[in-house]
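This report covers a helix contact, two pockets and two loop residues. The sequence and structure come first.

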Amino acid sequence: MYRRTDEQFGVSEALFASALAAMVFSILGAQPLTIVGITGLISLFNYTIYDIIKIYDPALYPPFLGWVGIWAAIFHWLFAIWNISDYMRYVTDFSSQSFGMYVGIIYIIKGVEELVAEFTSFNSTQGFLSCVIAILYFGTIYSLENIGRSTLFKPWFRSILADYAYPIGTIFWVGFAHIPGPLKTTNISYLPISPAFRPTVPRNWVVQFWTLPV
């Protein structure tokens, strides 16, 4: 979202929004173990809104997104009051499977877009290294999860490798890009972050959504 929203919605906003929503939901919903976070579809929704808003004025994006959140909350409350989700029992598995396929395709497309951006925004060396790391990262996760279903090693060790495949692969390949020497000097793009407890762009944390003209 950082790149697609022209730095309007970055890592700081994503972490703060997830943490705030998680705290409010866990306290008011009495469900402290619920995991709340930004998914690929939410990212797609957010920067699609930005694509529409920037036609008029990009500065309207934060307050407009605030109103989107307010109306989303109102509809969620109405759905909860009338227990609309109970009607999901009439929805077939085909709809759920189609939605799952759509989510998978979205993640693949967005991953390829980020790799293509390495070639267009930087140079071929950085792009090729990013592709190699992405392919090896996928291979690492796939292999570790398959080890969990194999007969290699002890059962407890296989279980650890399979359960923590994503953290293991992420930590290793992120560190791989920082190995001193040719790899480090390639200067592939890293996750853009802002100073601690500050928005990505110069603005206040409190968005004045109530000033948005009709």
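In which crossing, left-handed or right-handed, does α5 pass α6? The crossing of α5 past α6 is left-handed. The model is a predicted one, and the description below applies to that model.

**Contact of α5 with α6**

Helix α5 covers residues 124-147 and helix α6 covers residues 155-163. The two pack at an angle of about 150 degrees, and their axes are 7 Å apart. On the α5 side the contact is made by L144, E145 and I147, which meet R158, L161 and A162 of α6. By class, the residues of this contact are four nonpolar and two charged, with no polar residue.

The loop between α5 and α6 contains F153. F153 is not a glycine, yet its phi is positive, at about 60 degrees.

**Pockets**

The table sets out the two pockets by volume and lining.

| Pocket | Volume | Lining residues | Nonpolar | Polar | Charged |
|---|---|---|---|---|---|
| Largest pocket | about 2400 Å³ | 49 residues | 31 residues | 11 residues | seven residues |
| Second largest pocket | about 1700 Å³ | 36 residues | 25 residues | nine residues | two residues |

Which residues lie nearest the centre of the largest pocket? They are K110, G111, E114, L115 and L191. Two or more lining residues come from each of α1 (11-28), α2 (40-53), α4 (93-121), α5 and α7 (165-176). Helix α4 gives the largest share of this lining, with 11 residues.

In the second largest pocket, the residues nearest the centre are A17, A21, L65, G69 and I70. Here α1, α2 and α3 (61-81) each supply at least two residues of the lining. The largest share, 12 residues, comes from α3.

Helices α1 and α2 are thus named for the lining of the largest pocket and again for that of the second largest pocket. Helix α5, described above for its contact with α6, also gives residues to the lining of the largest pocket.

**The loop between α3 and α4**

N83 is found in the loop between α3 and α4. N83 has a positive phi of about 50 degrees and is not a glycine. Is N83 buried, partly exposed or exposed? Its relative accessible area is 42%, so N83 counts as partly exposed, since that class lies between the 20% limit for buried and the 50% limit for exposed.

How values were computed:
Residues are numbered from 1 along each chain as its sequence is written. This is a predicted model: local features need pLDDT of at least 70, side-chain atom pairs count only at pLDDT 80 or more; totals for chains, interfaces and linings use all residues. Side-chain values use heavy atoms; hydrogens and water are left out. Axes are lines fitted to C-alpha atoms, for helices over the stretch in contact, and angles run from 0 to 180 degrees between N-to-C directions. Helices (H or I, at least four residues) and strands (E, at least two) are DSSP runs, numbered from the N terminus. A crossing is left-handed if the near helix is turned anticlockwise from the far one by less than a right angle, and right-handed if clockwise. Contact means heavy atoms within 4.5 Å. Ala, Val, Leu, Ile, Met, Phe, Trp, Tyr, Cys and Pro count as nonpolar, Asp, Glu, Lys and Arg as charged, and the others, Gly among them, as polar. On a 1 Å grid over the protein atoms alone, a cavity is a set of points where a 1.4 Å probe fits but cannot get out, and a pocket is an open set with protein on both sides within 12 Å along at least five of seven lines; lining residues have an atom within 4 Å of a point. Grid points are joined across faces, edges and corners, and a volume is the space filled by probe spheres set on the points. Buried means under 20% relative accessible area, exposed over 50%, partly exposed in between (1.4 Å probe, protein chains only).
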